[in-house]
Amino acid sequence: MNAHFTGSTGECLKHYADRHRKARSATYRAMGDFVGVGKRTVARWVAGHEKPIGQRLVRLRFFLEHVGYQVDEIQKLDPTVRILARLFAHNIVTITAIARFAGYAVGRVSRDSIIAVFRGDRGVSPERLEKFKSLGERISGEIGWPTEAKAAPALAELQPKGRGQ
């Protein structure tokens, strides 16, 4: 991917907000729609009054990736986890579906565990990692999304025009 900026989630968020200052309302709305929050919440994140957590943090990172940023925390994820986290962030697969497929007992604790894996805060057993890989490849194949080895060029094509460099 031709990332125009590389950094932590916070650094990328600040850069994105600064870069799109003139169209702040539309920018915050687009980010909020992707992440699942309102413009006011995005404004609080940008101002540093609040920090995104949980699923919202995962979705924010992948929103930033989607618009061209290379987010450090995403790059540190295992490639298999990255694929599944990306599919989750884009609302293609739910945490509940992932939990069921990977053999977690479905409930709040398993959802929190998977989100922790997607944030990079927790590892996953080799058995579950293999299940993650199987699910990620199956879904990616069904919807025509590439697996990790081919993700960068495909994600570049998904980026909105005019936001690259």
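Start by selecting α1, because the largest share of the lining of the largest pocket, four residues, comes from that helix. Helices here are DSSP runs of H or I with at least four residues, strands are runs of E with at least two, and both are numbered from the N terminus. You are looking at a predicted model, in which local features need pLDDT of at least 70, side-chain atom pairs count only at pLDDT 80 or more, and totals for chains, interfaces and linings use all residues. Residues are numbered from 1 along each chain as its sequence is written, and side-chain values use heavy atoms, with hydrogens and water left out.

**The pocket**

Next, select T9, G10, L13, K14, W45, V46, G48, E50, K51, P52, L57 and L60, which line the largest pocket. The elements giving two or more residues to this lining are α1 (9–19), α3 (39–47) and α4 (54–66). A pocket is an open set of points on a 1 Å grid over the protein atoms alone, where a 1.4 Å probe fits, with protein on both sides within 12 Å along at least five of seven lines; lining residues have an atom within 4 Å of a point. About 210 Å³ of space lies inside, the volume being the space filled by probe spheres set on the points, which are joined across faces, edges and corners. Colour the lining by class and you will find six nonpolar, three polar and three charged residues; Gly counts as polar, while Asp, Glu, Lys and Arg count as charged.

**Helix α4**

Now move to α4, where eleven of the 13 residues are buried, meaning under 20% relative accessible area with a 1.4 Å probe and protein chains only. Among them are L57, L60, F62 and F63, as well as R59 and R61. How far apart are the end C-alpha atoms of α4? They are 19 Å apart, which agrees with the expected 18 Å at 1.5 Å a residue; the expected span is 1.5 Å times one less than the number of residues. Just beyond, click on G68, which follows α4 and has a positive phi, near 115°.

**S113**

Jump to helix α8 (residues 108–119) and pick S113. Is S113 buried or exposed? S113 counts as buried, because its relative accessibility is 12%. Show Y104 and R122 too: S113 touches both, leaving aside residues up to four places away in sequence. Contact means heavy atoms within 4.5 Å.

**Zooming out**

Finally, show the whole chain, with its ten helices and two strands. Of its 165 residues, 42% count as buried.

Notes:
Buried < 20%, exposed > 50% of the residue type's maximum accessible area, 1.4 Å probe, protein only.
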